[in-house]
Amino acid sequence: TSNTVFFENVFASNSLFNQPLNHLDTSKVQGFTNTFQNSTSFNQDVSSWDYSAAKTVSNFMFGKSSSNYDYQFYDNLLIKWASGAANGGLDFTKLVDLTTDFGTIQYSSAGAAAHDSLVAQGLIITDGGQNAF
């Protein structure tokens with residue numbers, strides 16, 4: 001039996017879902033591709049998730065924007081991802097796809113150092129850039 005878990009497309013294109021998900025155990029999830037792609041109503045903080053087993057995070061929130069996703073939640077996620085695998089962040093030795101897309105969501109100065117750290121480690125992030133919130 002395999003312990004491989006994928007969240008790929010789990011909430012994708014769901015225009016109604018907006019429930020807290022901080023109770024989910026994601027410690028074995030390897031695939032986060034398209035998890036919240038085009039989920040226009042979803043506006044929850046997912047920085048409490050464990051991303052340390054992730055192999056893919058591409059198009060994680062493709063199609064989202066700062067008008068439908070809180071920049072503070074994005075800041076928190078960037079900080080989490082940059083915190084390293086020991087803290088539930090990304091493990092760059094496991095990632096097989098170094099691209100991710102957050103639509104046009106913008107981050108603030110609080111997430112800027114984490115964003116820069118992730119990019120320096122090779123993650124190619126598509127988003128709305130930094131804004132002076």
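**Fold, helix H1 and aromatic pairs of the predicted model**

The chain comprises two helices and four strands, where helices (H or I, at least four residues) and strands (E, at least two) are DSSP runs numbered from the N terminus, and along the sequence these elements follow the pattern β-β-α-β-α-β. The structure is a predicted model, in which local features need pLDDT of at least 70 and side-chain atom pairs count only at pLDDT 80 or more, while totals for chains, interfaces and linings use all residues. Residues are numbered from 1 along each chain as its sequence is written, and side-chain values use heavy atoms, with hydrogens and water left out.

The radius of gyration of the chain, taken over C-alpha atoms, is 13 Å, close to the 14 Å given for 133 residues by the globule rule (2.2 Å times the number of residues to the power 0.38), so the chain is as compact as a globular protein of that length. The C-alpha trace spans about 45 × 35 × 25 Å along its principal axes. Of the 133 residues, 46% count as buried, a term that denotes under 20% relative accessible area, with exposed meaning over 50% and partly exposed in between (1.4 Å probe, protein chains only). Among contacts (heavy atoms within 4.5 Å) with a separation of 6 or more, 74% are accounted for by residues 24 or more positions apart.

The largest nonpolar core, a set of buried Ala, Val, Leu, Ile, Met, Phe, Trp, Tyr and Cys residues joined through side-chain atoms within 4.5 Å, has 30 residues, of which Val 46, Phe 60, Trp 81 and Leu 90 touch the most other members. H1 and H2 each supply at least two residues of this core, and H1 gives the most to it, with four residues. Leaving aside neighbours within four places in sequence, Leu 90 is in contact with ten residues' worth of surroundings that include Tyr 51, Val 57, Trp 81, Leu 95, Leu 118 and Leu 123. The buried residues of H1 are Tyr 74, Asp 75, Leu 77, Leu 78, Lys 80 and Trp 81, and they pack against S3, H2 and strand S4 (124-126).

At the start of H1, a side-chain oxygen of Asp 70 reaches to within 2.6 Å of the backbone nitrogen of Gln 72. The end C-alpha atoms of the twelve-residue helix H1 are 16 Å apart, which agrees with the 16 Å expected at 1.5 Å a residue, the expected span being 1.5 Å times one less than the number of residues. H1 is followed by Gly 84, whose phi is positive, near 90°.

Rings of Phe, Tyr and Trp (its six-membered ring) were paired if their centres lie within 6.5 Å, with planes under 30 degrees apart counted as stacked, over 60 as edge-to-face and the rest as tilted; by this rule the count comes to 20 aromatic pairs. One of them, formed by Trp 49 and Tyr 51, is tilted, at 6.0 Å centre to centre and 40° between the planes, and both Trp 49 and Tyr 51 are buried. Tyr 74 and Tyr 107 form an edge-to-face pair, at 6.2 Å centre to centre and 70° between the planes. Tyr 74 lies in helix H1 (residues 71-82) and Tyr 107 in the loop between strand S3 (99-101) and helix H2 (109-120), so this pair ties together parts that are 33 residues apart in sequence. Tyr 74 is buried, with a relative accessible area of 0%, and Tyr 107 is likewise buried, with 7%.

The loop between S3 and H2 also holds Gln 106, which counts as buried at 19% relative accessibility. The side chains of Gln 106 and Asn 131 are joined by a polar contact of 2.7 Å, a polar contact being a pair of N or O atoms within 3.5 Å of which, within protein, one must be able to donate a hydrogen and the other to accept it, and residues adjacent in sequence count only if both atoms are side-chain atoms.
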